[in-house]
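Visitor: I would like a close look at a single part, with the rest used as context. Please keep it brisk.

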Amino acid sequence: MNASVNNVKQIIIVVGLITNENGELLLQRRIDKLIPEADAKWEFPGGKIEVNETVEQALHREIKEEIDCEVSITRLLPLVQTKMWRTNEGVDWQVILIPYECRLESGTPVAKDKKVAEVRWFNRDDALGESNLLSGVIELIQVL
């Protein structure tokens, strides 16, 4: 994608690689009509960091909004990613993704947000073998 720097919107996203007591990893299937390349793909819960919000506050808020759960943050993972997306409106987004390892503390994950079609626990091998993953998910699982 050859986008002029002047036409690119930069967005900082935080995601949680959430595990449960069985060592399973939580993924959610995304609904995204704005970015067709991302629609119906499995990804980690998370979202945009709002103005005057710390990365950790944003992660807790997004997880509560998307899957109605509380997590504890274990650590920042050593693989910050960047990806260029083109919206169906012709706008280019550079997404900077900050990943954290998290543990589920309370709640039963449910698709609570309009951008989440479903949530499911995966064992590591099944997650790595899933053919419909969002770009970058495999690399994050491997770092975990």
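Visitor: Which element supplies the largest share of the lining of the largest pocket, and how many residues does that element give?

Guide: One point before the answer: this is a predicted model. The element is E6, and its share of the lining is 4 residues. In the chain, strand E6 runs over 81-86.

E6 is one contributor among several. The lining of the largest pocket has 34 residues. At least two of them come from each of these elements: strand E1 (8-19), strand E2 (25-30), strand E4 (46-48), helix H1 (55-67), strand E6 (81-86), strand E7 (92-106) and helix H3 (137-143). So that list draws on both strands and helices. The space in the pocket is about 750 Å³.

Now the chemistry of the wall. Nonpolar residues number 15 in the lining, charged residues 12 and polar residues 7. Nearest the pocket centre lie Ile 13, Arg 30, Glu 43, Gly 46 and Gly 47. Glycine is counted as polar in this split, so Gly 46 and Gly 47 fall in that class. Arg 30 and Glu 43 go with the charged residues. Ile 13 is nonpolar by the same split.

Take Ile 13 further. This residue lies in strand E1. Its relative accessible area is 15%, so Ile 13 counts as buried, the cut-off being under 20%. From Ile 13 to Val 55 is 42 residues in sequence, yet the two C-alpha atoms are 8.7 Å apart in space. Helix H1 covers 55-67, and H1 gives at least two residues to the lining. Strand E1 does so too.

Back to the 81-86 stretch of E6. There, Lys 83 sits over the face of Trp 85. The distance to the ring centre is 4.8 Å.

Another aromatic contact deserves a look. The structure holds 1 aromatic pair. Its members are Trp 42 and Phe 122, set edge-to-face. The ring centres are 5.2 Å apart, and the planes meet at 75°. Edge-to-face requires over 60 degrees, so 75° qualifies. The pair ties distant parts of the chain together: Trp 42 belongs to strand E3 (residues 42-43), Phe 122 to strand E8 (residues 116-122), and 80 residues separate them. Both Trp 42 and Phe 122 are buried. Note that Glu 43, one of the residues nearest the pocket centre, falls within the 42-43 span of E3.

E8 also carries residues with more access. Glu 118 is in this strand, and its relative accessible area of 28% makes it partly exposed. Arg 120 is in E8 as well and is partly exposed at 37%. Two distances place them. Glu 118 and Asn 132 are 14 residues apart along the chain, with 13 Å between their C-alpha atoms. For Arg 120 and Leu 34, the figures are 86 residues and 23 Å.

Next, the loops. Ala 40 is in the loop between E2 and E3. Its phi is near 70°, a positive value in a residue other than glycine. Most residues other than glycine have a negative phi. Ala 40 is partly exposed, at 25% relative accessibility. Asp 68 shows a positive phi too, about 60°, and is not a glycine. Its loop joins H1 to strand E5 (70-76). At 30%, Asp 68 is partly exposed. Glu 21 sits in the loop between E1 and E2. Its relative accessible area is 65%; exposed means over 50%, so Glu 21 is exposed. Glu 21 lies 31 Å from Glu 50, C-alpha to C-alpha, with the two positions 29 residues apart in sequence.

Last, the whole chain as the frame. It has 3 helices and 8 strands. Their order from the N terminus is β-β-β-β-α-β-β-β-β-α-α. The C-alpha atoms fill a box of roughly 45 × 35 × 30 Å along the principal axes. The radius of gyration is 15 Å, which agrees with the value near 15 Å for a compact globule of 144 residues. Buried residues make up 39% of the chain. Ile 13, beside the pocket centre, is one of them.

Definitions and conventions:
Residues are numbered from 1 along each chain as its sequence is written. This is a predicted model: local features need pLDDT of at least 70, side-chain atom pairs count only at pLDDT 80 or more; totals for chains, interfaces and linings use all residues. Side-chain values use heavy atoms; hydrogens and water are left out. On a 1 Å grid over the protein atoms alone, a cavity is a set of points where a 1.4 Å probe fits but cannot get out, and a pocket is an open set with protein on both sides within 12 Å along at least five of seven lines; lining residues have an atom within 4 Å of a point. Grid points are joined across faces, edges and corners, and a volume is the space filled by probe spheres set on the points. Rings of Phe, Tyr and Trp (its six-membered ring) pair if their centres lie within 6.5 Å; planes under 30 degrees apart count as stacked, over 60 as edge-to-face and the rest as tilted. Buried means under 20% relative accessible area, exposed over 50%, partly exposed in between (1.4 Å probe, protein chains only). A charge sits over a ring if NZ of Lys or CZ of Arg is within 6 Å of the ring centre and within 35 degrees of the ring normal. The radius of gyration is taken over C-alpha atoms; the globule rule is 2.2 Å times the number of residues to the power 0.38.
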